[in-house]
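Here is a short tour for anyone who likes to read a fold with the coordinates open alongside. Have a look at the model first, and then we can walk through it together.

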Amino acid sequence: MALSRRLFVTALAVVGASAGSPLLAPDALAASGRRPSVPVEPGYRIAISPDDTPDELVAKAARLRPTERQIAWQRLEKTAFLHFGVNTFTGLEWGTGDESPDVFQPTGLDTDQWARALRDGGFELAILTVKHHDGFVLYPSRYTDHGVASSSWEDGRGDVLRSFADSMRAHGIKVGVYISPADENQYLHGVYANGSARTTRTVPTLTDGDDRAGKKLRSFELQATDYGAHMLNQLYEVLTEYGPVDEVWFDGAQGRIPPEKVEHYDWDSWYEVVRALAPGASIAVSGPDVRWVGNEGGLAREDEWSTVPVAEVEYGRTDYALPYDAPDQGSRDALAASRSVAQYLQWWPAECDVSIRPGWFYHPEQQPKTVDELTDIYMRSVGRNSVLLLNIPPDQQGRLPAADVAVLRAFDERIGAELPKNLAHTARTWGDGQHPALAVDGDPDTAWIAPAASGGALYVDFGRPREVDRIRLAEDIRHGQQVEQVVVEARTETGWTQVAKVGTVGASRIVLLPSPVAARQWRLRVLGSRLPARIAEFGLYRSLS
Ligand code: FUL
């Protein structure tokens, strides 16, 4: 994501106050001589203060909980991206906004073929570039001439979004939309970055001859610039005419406009319309629900936190308190370092976007990544508490290239072979704390609960030695992200031997052992956690690959 002209926050604010029990033990407070700390209810966002001690910050981070929407999103694990538009035909990655709509000429658009390929590749949600930075829209919009309705393709009657949404749903895949805030075409029309004031706008704004005139419409009165209103009207069309949408993707780029020009995006109004019209949709990545991981290589940090310090910037946009690509977004040190610039701690999980090919759009001379490369990306994204967003660009025919389709299917099979079945599922379990068996029952909503913070051991006995070369751990994130360090040990002839040591776990942590380890008994020990760990999966696997 191009983050040029990102707004960095320089100052702080806000202490939240609500009823509840104190965060710190009274003794600790007395010793510190400070005011009683702010009682904090669990929530998806918690206000912090520059006065918070490092321990108070950690206690607040431990109380962050994902929303239902965020939980549903996280469980998708891997999602698909489809970059398709005028760039597919011009060979550009960023269009100019003045390309002729006639360049858009797919010779055999087949969105069912996309859907089959994605379903066979194991995807449950796909996001289409309904509008990229050039402003060309893939559906017939009432608000622009730069789109399929102005193209000679299908005599202007084509609607890629309709076809995409229908095909995805018919194949059990959820629909997501990428609607670029940057819009070169609207810039050329004097709308984007025209310096207009934020005033109250009625959305939808009916156009001359609008087919919706006289109908009972849900309407909104919102603050927006001229361009902000244009975005609102397009969001309204997309979110009311194409069925349920499960992810709305906004990037943060401003496009290639002169440096003295800037469009201050009306995030608050855009979010309000998305929440009202698509209540199930996660808003990524310039959005409150999902955070861009900070690179376009699909790679998460080894220790990736979903509980991170944030600042709320212009018009309600959630922004990083620390640099977006900081190597550490959520450890104790990171929380302390962010204190002077963060306003809140927030459940803001990472999404790792990457293209299967070098470009986001299709270019005939480029080749897809190999299954090995994608598997490595999977292990370093899904295996590190993140969701993978993999782009597969349709070609000039309007089909996913055969080579990419083959790789997608092989990639899905490969992941199945990497993690074929949890050997611990049928093993005997015991441990301290509560419900050891629930860490191996395969249900992400049940968990072993460690007896105390930074403690607890969970044992597995296979009844005979078995080889393990992959470990998958998961926290029950409905109760937040708590684990800071765990070890996995195997009982060998010389006693308990450490096999793996990791920091964060979160929704999913996958460890690849350099070579298989054979042992009958295995255990997980929690060395560091903010609250007692709740482990939904203690997975021990022998890969088939
Ligand atoms: C970025 C865009 O500038 C790229 O073209 C691409 O769409 C990527 C996913 O997001 O911000």
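Where is proline 204 found? Proline 204 sits in the loop between β5 (199-203) and β6 (220-224). Keep in mind as we go that this is a predicted model.

**Backbone oddities**

That proline is worth a second look, as the peptide bond leading into it from valine 203 is cis, with omega near 0 degrees. Another cis peptide bond runs from alanine 284 to valine 285, where omega is near -25 degrees. Valine 285 belongs to strand β8, so you can look for this one within a strand. For context, most peptide bonds are trans, and most residues other than glycine have a negative phi. Tyrosine 315 has a positive phi, near 55 degrees, although it is not a glycine. You will find tyrosine 315 in the loop between β10 (307-313) and β11 (317-320).

**The sheet**

Now to the strands. An open sheet of 8 strands follows the order β8-β7-β4-β3-β2-β14-β13-β9, and the pairing is parallel. Its edges are formed by β8 (282-285) and β9 (291-292); each has a single partner strand, so one side of each has no neighbour in the sheet. In general, strands of a sheet pair through backbone hydrogen bonds, in either a parallel or an antiparallel way.

Within this sheet, strands β3 (residues 125-131) and β4 (residues 174-179) run parallel and are joined by 6 bridges. In that pair, leucine 125 stands opposite lysine 174 of β4. Helix α6 (residues 160-170) lies across β2 (78-82), β3 and β4, and runs at about 175 degrees to β3.

**The ligand and its shell**

Which residues come nearest to the ligand? Of the 13 residues around the ligand, they are His83, His132, His133, Tyr178 and Asp251. Three histidines place a polar side-chain atom by a ligand oxygen, as listed here.

| Side chain | Ligand atom | Distance |
|---|---|---|
| Histidine 83 | oxygen | 2.7 Å |
| Histidine 132 | oxygen | 2.9 Å |
| Histidine 133 | oxygen | 2.8 Å |

How much of the ligand does the protein bury? Taken alone, the ligand exposes 300 Å², and the protein buries 97% of that. The residues of the shell around the ligand divide into 7 nonpolar, 3 polar and 3 charged.

Terms used:
Residues numbered from 1 in each chain as written. Predicted model: local features only at pLDDT ≥ 70, side-chain atom pairs only at ≥ 80, totals over all residues. Heavy atoms only, no water. Pairing = 2+ DSSP bridges. Helix = DSSP H or I, 4+ residues; strand = E, 2+ residues; numbered from the N terminus. Contact = heavy atoms within 4.5 Å. Axes fitted to C-alpha atoms, helices over the stretch in contact; angles between N-to-C directions. Near = heavy atom within 4 Å. Polar contact = N/O pair within 3.5 Å; in protein donor to acceptor, adjacent residues only side chain to side chain. Areas by Shrake-Rupley, 256 points an atom, 1.4 Å probe, with all protein chains shown as cover. Nonpolar A, V, L, I, M, F, W, Y, C, P; charged D, E, K, R; others polar.
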